[in-house]
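User: I am new to this structure. Please take one close look at the part of the protein that faces the DNA, and then tell me what else holds my attention nearby in the chain.

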Amino acid sequence: MCGRFTLRAPASRIVEVFQLDAAPDWSPRYNIAPTQQVFAVRADGTTRHGVLLRWGLVPSWADQLDKSGRMINARAETVAVKPAFRRLIARRRCLVVADGYYEWQKRDGGKQPYWIHRSDDGLFAFAGLWDRWEKGDEPVESCTIITTDANRLTRSIHDRMPVILEPEHYQRWLDPANHDVSSLQQLLVPNEQQPLRADPVSTYVNQVRNEGPRCIEAVAL
DNA sequence: CCAGACGTTGTT
DNA sequence: GTCTGG
DNA sequence: CCAGACGTTGTT
DNA sequence: GTCTGG
């Protein structure tokens, strides 16, 4: 699954890598948690914009903003049929930009966090869905990250992982005119292409208030 | 028809 | 909004 | 995902 | 145990 991740790159680098026409400011983050803002990419035709979205989907029909930190993930296997996501997969897709994410491995006596990232520390993107909620004083745009089975590298840590899209699939995923759900769903598979590595890190990352390089410092097991 | 849920994870 | 359960 | 609260009354 | 907040 994906319940915590990193994005340390400045906005300028994200703009370059994802070829964005506009983007919000971004400060390096080592411990992005649900309910916080994430850096997402949406497309308008072939033009891509960077936007900040609240992580944890608040569907347009939700009565209240709270209690929404629950839809932080959507299962790839069922996203096209679940009422909460079905309508979004056809027309409200986005990329969630990251450069690493955390998984907790259950072991005797506790949980060991791992930081999973590209061996070259490059940026990547999760497949996401977003929505706009307008029942409060201010509209809220929020998102969820799609998950799938773990890949070979991460299977021993946890049985699920976020969907990491390949750059050549970004446009197909983002294109708002693409309503071919079955071809979109084919993209939602465990990523074996990215050169990922998994480093055990200390439980410092467990606390949401902890932030900074210490979150990703590798520890010996 | 209306009312109520709408999610994932992990654990049992 | 849309689906399920009654 | 993990951490932390989980309650009411009345007083400051 | 279960819910909320980050």
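Analyst:
**The DNA-facing surface**

Ten names make up the surroundings of DNA strand D: M1, G3, R4, P34, I72, W104, K111, N206, Q207 and R209. A residue is listed if one of its heavy atoms lies within 4 Å of the strand. Of the atoms of DNA strand D that come within 4 Å of the protein, 77% are accounted for by sugar and phosphate.

This is a predicted model, in which local features need pLDDT of at least 70, side-chain atom pairs count only at pLDDT 80 or more, and totals for chains, interfaces and linings use all residues. Residues are numbered from 1 along each chain as its sequence is written, chains are lettered from A and ligands numbered from 1 in the order in which they are written, and side-chain values use heavy atoms, with hydrogens and water left out.

Now the polar contacts. Such a contact is a pair of N or O atoms within 3.5 Å; within protein, one must be able to donate a hydrogen and the other to accept it, and residues adjacent in sequence count only if both atoms are side-chain atoms. R4 places a side-chain N or O atom 2.8 Å from a sugar or linking oxygen of DNA strand D. K111 brings a polar side-chain atom to 3.0 Å from a phosphate oxygen of that strand. N206 does so at 3.4 Å, again with a phosphate oxygen of DNA strand D.

By residue type, the surface near DNA strand D holds four nonpolar, three polar and three charged residues. Here Ala, Val, Leu, Ile, Met, Phe, Trp, Tyr, Cys and Pro count as nonpolar, Asp, Glu, Lys and Arg as charged, and the others, Gly among them, as polar.

Turn to DNA strand E. Seven residues surround this strand, and R4, P34, T35, Q36 and V208 come nearest. Sugar or phosphate supplies 27% of the strand E atoms within 4 Å of the protein, and bases supply the rest. P34 has a backbone N or O atom 3.2 Å from a base nitrogen of DNA strand E. T35 uses its side chain: an N or O atom there is 3.2 Å from a base nitrogen of DNA strand E. The surface near DNA strand E divides into three nonpolar, two polar and two charged residues.

**Charge pairs in the protein**

Side chains of opposite charge can pair when their charged atoms come close. A salt bridge here is a side-chain nitrogen of Lys or Arg within 4 Å of a carboxyl oxygen of Asp or Glu. The whole structure has 15 salt bridges.

Take R92 and D131. Their side chains meet in a salt bridge at 2.6 Å, N to O. R92 sits in the loop between helix 2 (83-91) and strand 6 (93-98), and D131 in strand 9 (residues 124-133), so the pair ties together parts 39 residues apart in sequence. Helices (H or I, at least four residues) and strands (E, at least two) are DSSP runs, numbered from the N terminus. R92 is partly exposed at 26% relative accessibility, and D131 is buried at 0%. Buried means under 20% relative accessible area, exposed over 50%, and partly exposed in between (1.4 Å probe, protein chains only).

R118 and D120 form another salt bridge, at 2.5 Å, N to O. R118 is buried, with 16% relative accessible area. D120 is partly exposed at 46%.

D149 pairs with R160, their closest N and O atoms being 3.2 Å apart. D149 belongs to strand 10 (residues 140-149) and R160 to strand 11 (residues 160-162), so this bridge ties together parts 11 residues apart in sequence. D149 is partly exposed at 42%, whereas R160 is buried at 9%. Beyond these pairs, a network of salt bridges links R42, R132, E134 and E141.

**Cysteines and confidence**

A disulfide is a pair of cysteine sulfur atoms within 2.5 Å. The count comes to zero disulfides. The sulfur of C94 is 5.2 Å from its closest cysteine sulfur, in C143, which is too far for a bond. C94 is buried at 0% relative accessibility.

As for confidence, pLDDT is the predictor's confidence in each residue, from 0 to 100. Chain A has a mean pLDDT of 95, and 99% of its residues reach 70 or more. The model scores ipTM 0.88 and pTM 0.96.
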